[in-house]
Amino acid sequence: MEKKLKVGILGGTGMVGQRFIALLENHPWFEVVLVAASARSAGKTYEEAVEGRWKMSTPMPDAVKKLVVYDINEVETVASQVDFVFCAVDMKKDEIKAIEEAYAKAEVPVVSNNSANRWTKDIPMVVPEINPEHLEVIEAQKKRLGTKRGFICVKPNCSIQSYTPALHALKEYGPKLVVATTYQAISGAGKTFKEWPEMVENIIPYIGGEEEKSEQEPLRLWGKVVDGEIVKAEGPVITTQCIRVPVLNGHTAAVFVNFEKKPSKEEIIKAWREFKGVPQELNLPSAPKQFIQYLEEDNRPQVKLDVDYENGMGVSFGRLREDSVFDYKFVGLSHNTVRGAAGGAVLIAELLVAKEYITAK
């Protein structure tokens, strides 16, 4: 790409916003030129706005330190300076819907990390290796919004990345019943142990709204585009429990599955290891070379050893074995704030650029 696209980050002072900034440092296609946040941060430099709250393990990039933070509600001002935006705001759902639509109507493509528009029928919710074809509903969305280049595209819930790719790679065998328990890191709540001391040596067996998302969102990924809308798939039947555990980064899943046509263990591992999607075919900058790895050791995957596989953009599976009740059981692991949040959104943006939905103004 000859000239980098100009990127704005809405909600850039929060944990996911910070992750966007860290991931986009030295990105070959994108340059962060603007950060917007709530009115209380507006007018400060980015460095001042997040003073004492930088949560990444890497230093704050010098390029953003002196950027003056804009009020997120200054839509026209922000829109005039960027080619597209990432959205990671922390607001009520109706407010998120309103702000994302306002930016889209200002002719700015919005790649959102938020859940507010995941079930809007003409807004694609995408894992680029799973359902890139859903991007075609963008044209219907633009007609509804009355826009030429503005639209919204969203990424799904972070926890489903720890098991949905494994099931997708096995679709030819017809997964029909799935039981998954996810063990979710505290960064999924935007927290560190310093901010959430109650989580040290503790487990909380409840994450609000998470089980419904974990059961339903994979069905939307596997849905079909019909008359400019996404119609979710009927199956498989998925039931989940979602538990918060004392881990900083990394969502683990214990999964049980029945198939219409039971594969062999060797066939499953082969399908996982050979799986490739459009991001790998296009060699997108953030795409993992190998999306899925299977680990043979009995004690893998482990958060400490495997969460950063493929720079956090790959997913890891292990402990695949036949079960006495189900056909098979296995364990999955994904990085919730990289592949599951900001990194997944960056990969979506790269796909949108490759498919010419996002272009320079």
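In this predicted model, the side chains of D323 and K329 meet in a salt bridge, with N and O 3.0 Å apart. D323 sits on the buried side of the ledger, at a relative accessible area of 17%. That value falls under the 20% cut-off, so D323 is classed as buried rather than partly exposed. The pair is one of 15 salt bridges in the structure. Nothing exotic is behind such contacts: side chains of opposite charge can pair when their charged atoms come close.

R144 turns up in a salt bridge with E101, where the closest N and O atoms are 3.8 Å apart. With the limit set at 4 Å, that distance still qualifies, so the contact goes down as a salt bridge. R144 belongs to helix α6 (residues 138-145) and E101 to helix α5 (residues 93-105), so this contact ties together parts that lie 43 residues apart in sequence. Both ends are partly exposed: R144 has a relative accessibility of 43%, and E101 comes in at 28%.

R144 also forms a salt bridge with D122, and here the closest N and O atoms are 2.6 Å apart. Again the contact links distant parts of the chain, since R144 is in helix α6 while D122 is in the loop between β5 (110-112) and α6, 22 residues away. D122 is buried, its relative accessible area being 8%, whereas R144 is partly exposed. Put together with K105, these residues make up a single network: E101, K105, D122 and R144 are joined by salt bridges that share partners.

The cysteines tell another story, as a search of the whole structure turns up zero disulfides. C87 is in no disulfide, and the nearest cysteine sulfur, belonging to C153, is 13 Å away. A disulfide would need the two sulfur atoms within 2.5 Å, so C87 and C153 do not make the cut. C87 is also buried, with a relative accessibility of 0%.

What keeps C242 from bonding to the closest cysteine sulfur? The answer is plain distance: that sulfur is in C158, 9.4 Å from the sulfur of C242, which is too far for a bond. C242 is buried as well, at 1% relative accessibility.

Conventions. Residues are numbered from 1 along each chain as its sequence is written. This is a predicted model: local features need pLDDT of at least 70, side-chain atom pairs count only at pLDDT 80 or more; totals for chains, interfaces and linings use all residues. Side-chain values use heavy atoms; hydrogens and water are left out. Helices (H or I, at least four residues) and strands (E, at least two) are DSSP runs, numbered from the N terminus. Buried means under 20% relative accessible area, exposed over 50%, partly exposed in between (1.4 Å probe, protein chains only).
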